[in-house]
Amino acid sequence: MGYAFLLSLLAGLSTAVGGLLPLFQKKISSSFLCFSLGLSAGVMVYVSFMEILPESIHMLSGAFGDKLSGIIALGCFFLGMLVIAMIDRFVPEEENPHEFGREFSLQKMGLFSALVIAIHNFPEGLATFLTAYEDPSQGISIAIAIALHNIPEGITVAAPIYHATGRKGKAFGMSLLSGIAEPIGALVGFLLLKTLFTADILAYVYAAVAGIMIYLSFDEILPTAETYGRHHLVIWGILLGMLIMGVSLALL
């Protein structure tokens, strides 16, 4: 159990490694921010459509069949979008957009990203733990793959918060907290798996998280990146984010 938990912890802490990368800049660069936001959007869009939503459908298919499971997952997907849209609607905006607007938007984006990535990391920690507990060698492979795609997730959280506030401690701390959800998922999930958690509940949450990540990408991350006027850097960031996630998922 200790070995399995250690693998889950290391995989989760790789999110904090990604959170460190934006902090090495001596000067806040709009070019790096544009690229980082594009990378964030690429990571979120790819992992939502290629990993999280298909996994939700697969988990539901045993109980509901292929067709109905797809419909249920789609409903949860758009429900997740609706939830984050309602939260976004009731988060107060700053009164002076010239002084606070862009920075406030970046900080809010980073905090939302930290929340959804933490939710996403929770079942990942459970999966890493249980796999390593049953088969230590297979657990190492999964932990490495998860660690690889957690690094850009850390950038997703830290870059906008750091550029909005200039506070390295807060940016790193939020990326660390989103990563800590992974070993917490390993412990809590293992303890509650037989009593509270079911595969169906986890599948519903997966689909909703996918919807939240897509909404954040198109409503917050990409529009904010475009305000800095570096369109092609944003596009290259999106492509690299998708490539990184595609390679890391292929290793699973």
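How many helices and strands does the protein have?

## Overall fold

The protein has seven helices and zero strands. Read from the N terminus, its elements follow the order α-α-α-α-α-α-α. Keep in mind as you explore that this is a predicted model.

## Packing and surface

Let's turn to the chain as a whole. The protein has 252 residues, and 48% of them are buried. Sequence-distant pairs feature strongly in the contacts: of those between residues at least 6 apart in sequence, 86% join residues at least 24 apart.

On the outside, the protein has an accessible surface of about 11800 Å², and carbon and sulfur atoms account for 72% of that area.

## A nonpolar surface patch

One surface feature to look for is a nonpolar patch made of Phe64, Leu68, Ile71, Leu115, Ile119, Ile201, Tyr204 and Val205, which together have about 630 Å² of accessible area. Helix H2 (30-90), helix H3 (97-134) and helix H6 (199-226) are the elements that each give two or more residues to this nonpolar patch.

Tyrosine 204, one of the patch residues, sits in helix H6. Its relative accessibility is 30%, so tyrosine 204 counts as partly exposed.

## Glycine 173

Another spot to visit is glycine 173, found in helix H5 (residues 168-192). Is this glycine buried or partly exposed? Glycine 173 has a relative accessible area of 23%, and because buried means under 20%, it is partly exposed.

Glycine 173 also pairs up with leucine 20 for a look at sequence versus space: the two are 153 residues apart in sequence, while their C-alpha atoms are 9.7 Å apart.

How values were computed
Residues are numbered from 1 along each chain as its sequence is written. This is a predicted model: local features need pLDDT of at least 70, side-chain atom pairs count only at pLDDT 80 or more; totals for chains, interfaces and linings use all residues. Side-chain values use heavy atoms; hydrogens and water are left out. Patches are made of residues with over 30% relative accessible area and no salt bridge: like charges are joined within 9 Å, nonpolar side chains (Val, Leu, Ile, Met, Phe, Trp, Tyr) within 5 Å. Accessible areas come from the Shrake-Rupley method with a 1.4 Å probe; for residues, only the protein chains shown count as cover. A salt bridge is a side-chain nitrogen of Lys or Arg within 4 Å of a carboxyl oxygen of Asp or Glu. Helices (H or I, at least four residues) and strands (E, at least two) are DSSP runs, numbered from the N terminus. Buried means under 20% relative accessible area, exposed over 50%, partly exposed in between (1.4 Å probe, protein chains only). Contact means heavy atoms within 4.5 Å.
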